[in-house]
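This report describes one protein chain, moving from its overall form to selected residues. Please keep the sequence and the structure in view while reading.

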Amino acid sequence: MYDYNKALSSRAVSLQPSGIRKFFDILDTMKDVVSLTVGQPDFVTPWHIRDAGIRSLEEGRTYYTSNAGLAEFREEIAAYASRRFGLEYDPKCEIIVTVGGSEAIDLAVRALVDDGDEVIIPQPSFVCYAPLVSMSGGVPVIVELKKENGFRLTAEQLSAAITPRTKALVLPFPNNPTGSVMDRDSLEAVAAVLRGTNIAVISDEIYAELTYGTKHVSIASVDGMRERTVVVNGFSKAYAMTGWRLGYTLAPREISAQMHKIHQYGIMCAPTISQYAAIEALKNGDDDIEYMRGEYDGRRRLTVDGLNRAGLKCSLPQGAFYVFADITCCGMGSDEFCEKLLKEAGVAIVPGTAFGSCGEGYARISYAYSAAHIKEALRRISAFTAEHKK
């Protein structure tokens with residue numbers, strides 16, 4: 001009899017399933033649920049971008065591209081990064097087009113991390129970082145972000161986490177799930193700790209275009225950081241292109257060369273149709289970004305106001321499209337609160353523990369939904385908390 005215990009990779013077996021996906025599995029069994037769970041725009045990809053993808057099909061442009069992506073596309077990414085964030089990268093050797101931001105993160109981790117290397121990961125944060133580090137043989141070192149610091153990484157926290165085995169820092173800002181951002185002063189303080197070390201930075205900037213009242217700053221723009229930083233970005237959030245599966249990395253040629261090899265063997269190239277659509281997004285999509293950001297801003301205020309009125313204390317997030325709300329007013333843990341809210345009120349939100357153990361006492365609420373949808377969810381949440389408040 002075939003023995004799966006011997007056959008399967010111990011690294012794969014040791015991985016825990018995503019806390020977000022576990023909760024979605026419960027959600028899938030229920031009806032009449034108002035969900036504020038999904039981390040994707042509710043907007044359809046703008047028509048001019050879809051039309052560019054359709055046109056590429058009609059013209060028969062359905063072949064492989066170069067491994068790193070269409071040359072024209074990489075040139076547009078370079079121009080966009082310079083225009084929007086003041087970042088200068090050579091499209092010939094410092095930009096790789098990937099299958100979503102997720103592959104970009106995976107490439108960066110695998111290109112940098114050897115067995116036993118430590119990678120500092122601030123939490124709460126997106127669920128993939130620690131598992132990817134573990135699968136590469138590295139050791140995740142968790143730094144718990146504090147509410148009193150606005151859920152930002154401080155220089156003191158970073159310094160305390162560094163050991164002789166520290167290889168890299170993940171910098172996940174604007175942050176999912178807290179909506180926190182790192183301003184230039186905060187990044188300068190982090191950079192001051194990193195200068196003089198050989199620690200790399202994986203800067204996940206997928207929400208860079210979704211900031212409110214402040215312009216995103218990349219750590220790669222801070223003095224001495226470009227040479228050690230892999231910037232990860234993509235098209236899912238800014239252009240409502242989640243299903244097109246398209247991301248990219250910006251990194252020095254020495255790091256890019258190693259990521260490129262891994263990408264060659266694992267993926268070949270990102271979808272050709274998506275690349276042509278994204279060229280159009282970069283050329284003519286600035287107005288789309290502004291419109292969607294304005295819509296999210298209104299929903300952000302609506303959500304925060306309603307949650308605070310319901311007793312779920314939260315501050316106004318500065319980035320992304322999530323609110324990280326304190327749910328302790330009802331005397332329950334995060335998982336219990338979210339499960340009861342789902343079963344009794346028909347509202348789905350994500351337990352804070354899905355983003356790290358330090359998320360206990362919180363829940364993530366997405367406002368990437370219509371105002372009417374959010375209002376109905378808030379009505380139900382208010383009735384639920386009124387019944388369960390301690």
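## Terms and overall form

Helices are DSSP runs of H or I with at least four residues, strands are DSSP runs of E with at least two, and both are numbered from the N terminus. The model discussed here is a predicted one. In these terms, the protein has 14 helices and 12 strands. Its radius of gyration is 21 Å, close to the 21 Å that the globule rule gives for 390 residues, so the protein is as compact as a globular protein of that length. Measured out along the principal axes, the C-alpha trace spans about 60 × 60 × 55 Å.

## Interior, surface and charge

How much of the protein is buried? Of its 390 residues, 56% count as buried. Among the contacts between residues at least 6 apart in sequence, 75% join residues that are at least 24 apart.

The accessible surface of the protein comes to about 16700 Å². Carbon and sulfur atoms account for 51% of that surface. As to charge, the protein carries 42 positive and 48 negative side chains. The centres of these two sets lie 3 Å apart.

## Arginine 380 and leucine 341

Arginine 380 belongs to helix H14, which comprises residues 371-388. Is this arginine buried or exposed? The relative accessible area of arginine 380 is 14%, and buried means under 20%, so the residue counts as buried. Leaving out residues up to four places away in sequence, arginine 380 touches Asp32, Val34, Ala345, Gly346 and Val347.

Leucine 341 is found in helix H13, residues 334-345. At 0% relative accessibility, leucine 341 counts as buried. Beyond its neighbours within four places in sequence, leucine 341 is in contact with Gly346, Val347, Ile349, Ile381 and Phe384. Gly346 and Val347 are thus named among the contacts of arginine 380 and also among those of leucine 341. The C-alpha atoms of leucine 341 and glutamate 59 are separated by 50 Å, and these two residues are 282 residues apart along the chain.

## Isoleucine 289

Helix H12, residues 286-309, contains isoleucine 289. The relative accessibility of isoleucine 289 is 1%, and the residue counts as buried.

Which residues does isoleucine 289 touch, not counting those up to four places away in sequence? They are Arg84, Glu209, Ala238 and Tyr239. One of these, alanine 238, is 51 residues apart from isoleucine 289 along the chain, with 6.0 Å between the two C-alpha atoms.

## The loop that holds proline 124 and serine 125

Proline 124 is found in the loop between E3 and H7. The peptide bond leading from glutamine 123 to proline 124 is cis, with omega near 5 degrees.

Serine 125 is placed in the loop between strand E3 (118-123) and helix H7 (129-135). With a relative accessible area of 1%, serine 125 is buried. Its side chain reaches the backbone oxygen of proline 122 at 2.7 Å. When residues up to four places away in sequence are set aside, serine 125 touches Pro172, Asn175, Asn176, Pro177 and Phe355.

## A further cis peptide bond

Another cis peptide bond runs from phenylalanine 173 to proline 174, with omega near -5 degrees. Where is proline 174 found? Its place is the loop between strand E5 (166-171) and helix H9 (184-194).

## Positive phi values outside glycine

Arginine 245 is not a glycine, yet its phi is positive, at about 50 degrees. This arginine lies in the loop between strand E7 (229-234) and strand E8 (247-250). Its relative accessible area is 31%, and partly exposed covers the range between under 20% and over 50%, so arginine 245 counts as partly exposed.

Methionine 268, a residue other than glycine, also has a positive phi, near 80 degrees. The loop that contains methionine 268 lies between helix H10 (253-266) and helix H11 (272-284). At 34% relative accessibility, methionine 268 is partly exposed.

Definitions and conventions:
Residues are numbered from 1 along each chain as its sequence is written. This is a predicted model: local features need pLDDT of at least 70, side-chain atom pairs count only at pLDDT 80 or more; totals for chains, interfaces and linings use all residues. Side-chain values use heavy atoms; hydrogens and water are left out. The radius of gyration is taken over C-alpha atoms; the globule rule is 2.2 Å times the number of residues to the power 0.38. Buried means under 20% relative accessible area, exposed over 50%, partly exposed in between (1.4 Å probe, protein chains only). Contact means heavy atoms within 4.5 Å. Accessible areas come from the Shrake-Rupley method with a 1.4 Å probe; for residues, only the protein chains shown count as cover. Lys and Arg count as positive and Asp and Glu as negative; His and the chain ends are not counted. The place of a charge is taken as NZ of Lys, CZ of Arg, CG of Asp or CD of Glu. A polar contact is a pair of N or O atoms within 3.5 Å; within protein, one must be able to donate a hydrogen and the other to accept it, and residues adjacent in sequence count only if both atoms are side-chain atoms.
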